[in-house]
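This report covers selected side-chain environments and overall figures for one protein chain. The text starts with a single residue and its contacts.

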Amino acid sequence: MIQWMSLIATCTKLLGTKLLSAMQNAWEYHCSDEEYKDLQGKPFKLGFLWHQKLGYRMTPGDEVEDMFILLNEVKRQIPSVTAVSSGAIASDYQRLRVESVCSRLGLVSLAYLWKQDQSLLLQEMMTNGIVAITVKVAAMGLDPRKHLGKDIGFLKSYLHKLKELYGINVCGEGGEYETLTLDCPLFLNCRIVLDGFKIVMHSSEAVAPVGILHPLAFHLENKAESCSSSGIDKTSEICKEKVGFVFEVQGDCLRRPEATCQSAAEVTKLDEVAERRLHISRTKNHNTFSICCWLQDSCETSAGLHEDLEAVLRKIELKLVGYGFGWENVVYIHLYIADMNKFSIVNETYVRYITQEKCPFGVPSRSTIELPLLQVGFGSAYIEVLVANDQSKRVLHVQSISCWAPSCIGPYSQATLYKEILHMAGQLGLDPPTMTLCSGGATAELEKALENSEAVATCFNCSISTSALLFVVYCSTYVPSSERHRIQDKQDTFLKQMRLFQLDKGSIVKVPDPIFLYVLVPDLPKRALVEIKPILYVPEDADVTTGTVQELSCVRMPSYWGFQHAHWHDSCFQKCVVHGKIFAVILCITSEDVLKICSESLGGDQDNRDYQNSFHEEQMERVSRFCIYLLDKLYMQNNFSWDDTQNLRFYFPTSLGVPVEALSLMLTNAFNELAEMGQRVKIGEEPIFNLVPVLGAGRSATSMDDIITCELFAQKA
C-alpha cells in the first residue's frame, strides 16, 4: 500500500496537485483479497476487513489501520495539517471509520457532501468538469462487460433509471459502482489517459454480476487551455491560487505502535469525596432513571471548576459501577457549569471519563448550560445523567463538519434513541459548514437551531413538528427582554409551517400538542443567545398516533394537605401524554398562584425581619406541598405512578430568597408526608428530585418569572 501511495503522490505532483480523491480511488480499486503490485512492479500488502460492525474500534490488521498509518505519517511530515476531507454522502460505515482515525490523530473530519441529494451531486460533478470512469460494478442492471470503463456522465441517465427500478444510489454510495477520476479542475496541467486495461470477473451471478477493471497502461496528456469552460476556468484559477499549499509526503510509512494515554481520571478517595459534601439524587424508574450529582459548597470553599467537575464525574462513575453499569449505559448528560468562559477546561476533564472506548455503543448526547451555581452555594459543576438498564440505544454521532447539521467533534452525540424516546443534544444556531453562529440575533439563531434539529430528526424518520413531546428553550441574558417575545413567535411560526410541510408529504402527526419550557440562564456555549433541547416520540410502529387521552375521571382524587380541586389548577400546568407509554408535565407556579395557594393569612403585621423571612419560607413550604399534590393528582388521572418517573427537576430563581437547603428539605418532607398518607411514592435515602438554580423560568419567553417551575418526564417500562 505504501509504495502505491508514494506512486500516487508522485503522479499527482506531476499533475500539479496532490489528489486525495485519486489516492482514495486507487485504494478502493485495490481493496480485495489478492496480492498486488504497484505500477513499478513492487509487491505491496493491504490490511483486511477484520472489523465488520458499523461502529469501528481499533483493530490490528484492519484496513482502517492502513489509513491511520498513512495519515499519521502525513501529520508527522506536515504538522500544519489539521483536517481530512472525505467524500462520504450517506454511508455511516465509511464516515465512522474516517472519524475514528481523525479522532485518534487529533484531526478534524470534513464531509461536506454528507446527506446531500445524490442526483444533484452527480449533476454538479458533471457541470464542474469531473471525468470519471467506472472501475467496478456490483448492482442489478450494471453489466461489467457493458458498463465498465464508461464515463459517469455517459451513464447518468441510465443510473437514474436504475434508481427508479431498483432504488440504487446514483452516486454509488451503496457500493453499486466504483470510479477512477481521469480529469477534473484540480488536474492543472495534465489528464490521465488509459492506454489499456482488462476486465476481471469477480462474480458471474445472473442477477448482479461483479466485475473489476484493471488498468494495464496509462500516460499523461497535456491539457489544452482552450478546452476549459468558464465554470471550470474559475475552479482552475482557485486551484492555481492554492498550489503553494500542495505538499508531497515522501518515503515509506513505517508501522508504529499507537501511542496510548491514560484516559481514566485520577482516583478520588471516598472519604475525600464525602468531605467535599457531594449530593446525589436518583429516580426510581427501573427501565430508565436519572442520577444527579452536585457539590454543596459556598463560594469560598469551591475548589474550582476543574476540581469540582472531577469530583462530580468520579462520584457518578462510582454510582454507575455500584448499580452494575458504566458510561456505556448513559443515554443523556446535562452538564451545568458556573462559568462558560472555562468551557475548554470542562471538555478536557469531561473527555477523561466519557470516551469512545468506554461507550462502544455510542457516546451519550449532551446539553451544556451555564447556571448561577455559586450564587446559591453550589459548587462549580453540576451533572445529571439519564441511565438505561440495557444497551439497546441507537446513537447518532457525526463528528465530520458538513452542510447537514452541526458536528459533534467531542465525545457527545447529536441524538440518542432509546425505548421510542429521541433525546436530542442541545442545539445552537450554528451554520453547519462553518460551525459559527449565524448573524441576525436571537430569532435568527433560533430558526437555525430548529433547522438543525429537524435535520437530526430526519435521520430517525421523524420531524420536530410532528413528533416533539417537549421543547426546553434556554435563553441567554444577552437577549434583551424587549426581544424575547420574538423568540416564541418565531418558534410557533416555524413549527406550524414545518407541520404543514410534513402533512403535505403525507406524514402522520405523532404528538398533536408538544409542551414548552423557557429557561433564562447567564450564558450558553459560544456565547449563543438561544439553545433548544427537543425530546421526541419515535414509535417503533411508524403509523402510531397519540390521539386524545381521556383522564380517569372515575378515580377518586385524594385531597392531601387540605388542597381541594379548583379550576385554576389547570392553568398551572401543561402536559403531553402518549397513552400508556409517556407522560410529560411542565408545572409553573407564579406569584399570583402563590397568593391562591397560601390563601390563609398567618396573621399580624410585624416588621421583624426574621419573622418576615420565616413567613416567606412558610409560604414556600405550602407551595412545595401544592406542587407534589398536583403532580400526584396528574399521575393518578393519567394512570401513571411515581415509579415511572425518569427525571424530576425543580427550577428556582436565585432571587427566590429561600436557601437551597431549606427548599430541598421542604420538598423532601412533602414526599415523606405523601408516602405516609397515600403510599404511592417510595422514599429511599436519595431524593427523587433535583433542584436547578436559574435566573428565571416559565411557560413563555416573555414571562420567565415563575416562583418555582417543575419539569417531569415519565415512561412506563
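Leaving aside neighbours within four places in sequence, Glu173 is in contact with Gly87, Ala88, Ile89, Ala90, Ser91, Gln94 and Gln118, where contact means heavy atoms within 4.5 Å. The model is predicted: local features need pLDDT of at least 70, side-chain atom pairs count only at pLDDT 80 or more, and totals for chains, interfaces and linings use all residues. Residues are numbered from 1 along each chain as its sequence is written, and side-chain values use heavy atoms, with hydrogens and water left out.

Glu173 is located in the loop between helix 7 (152-166) and strand 6 (177-183); helices (H or I, at least four residues) and strands (E, at least two) are DSSP runs numbered from the N terminus. With a relative accessible area of 17%, Glu173 is buried. Buried means under 20% relative accessible area, exposed over 50%, and partly exposed in between (1.4 Å probe, protein chains only). One of its contacts, Ala90, is 83 residues away along the chain, with 6.6 Å between the two C-alpha atoms.

Phe187 is in the loop between strand 6 and strand 7. Its relative accessible area is 1%, so Phe187 is buried. The C-alpha atoms of Phe187 and Lys223 are 8.9 Å apart, with the two positions 36 residues apart in sequence numbering.

Overall figures come next. The protein has 17 helices and 27 strands, and 52% of its 717 residues are buried. Of the contacts between residues at least 6 apart in sequence, 77% join residues at least 24 apart. The accessible surface is about 32,500 Å², and carbon and sulfur atoms account for 52% of that area. Accessible areas come from the Shrake-Rupley method with a 1.4 Å probe; for residues, only the protein chains shown count as cover.

On the surface, Met140, Leu165, Tyr166 and Val207 form a nonpolar patch with about 400 Å² of accessible area together. Patches are made of residues with over 30% relative accessible area and no salt bridge; like charges are joined within 9 Å, and nonpolar side chains (Val, Leu, Ile, Met, Phe, Trp, Tyr) within 5 Å. A salt bridge is a side-chain nitrogen of Lys or Arg within 4 Å of a carboxyl oxygen of Asp or Glu. Val207 lies in the loop between strand 7 (190-203) and strand 8 (210-222) and is exposed, at 57% relative accessible area.

The structure holds 17 aromatic pairs. Rings of Phe, Tyr and Trp (its six-membered ring) pair if their centres lie within 6.5 Å; planes under 30 degrees apart count as stacked, over 60 as edge-to-face and the rest as tilted. Two of the pairs are tabulated.

| Pair | Centre to centre | Angle between planes | Class |
|---|---|---|---|
| Phe378 and Tyr382 | 5.7 Å | 50° | tilted |
| Trp642 and Phe671 | 5.2 Å | 85° | edge-to-face |

The Trp642 and Phe671 pair links distant parts of the chain, 29 residues apart: Trp642 is in the loop between helix 16 (609-637) and strand 24 (645-653), and Phe671 is in helix 17 (residues 660-678). Trp642 is buried at 2% relative accessible area, and Phe671 is buried at 2%. Both belong to one aromatic cluster with Phe583, Tyr635, Phe640, Phe650 and Phe689. Phe378 is buried at 2%, and Tyr382 is buried at 0%.

Charges also sit over rings, meaning that NZ of Lys or CZ of Arg is within 6 Å of the ring centre and within 35 degrees of the ring normal. Arg97 lies over the face of Tyr93, 3.5 Å from the ring centre. The charged end of Arg366 is over the ring of Tyr350, at 4.4 Å from its centre.
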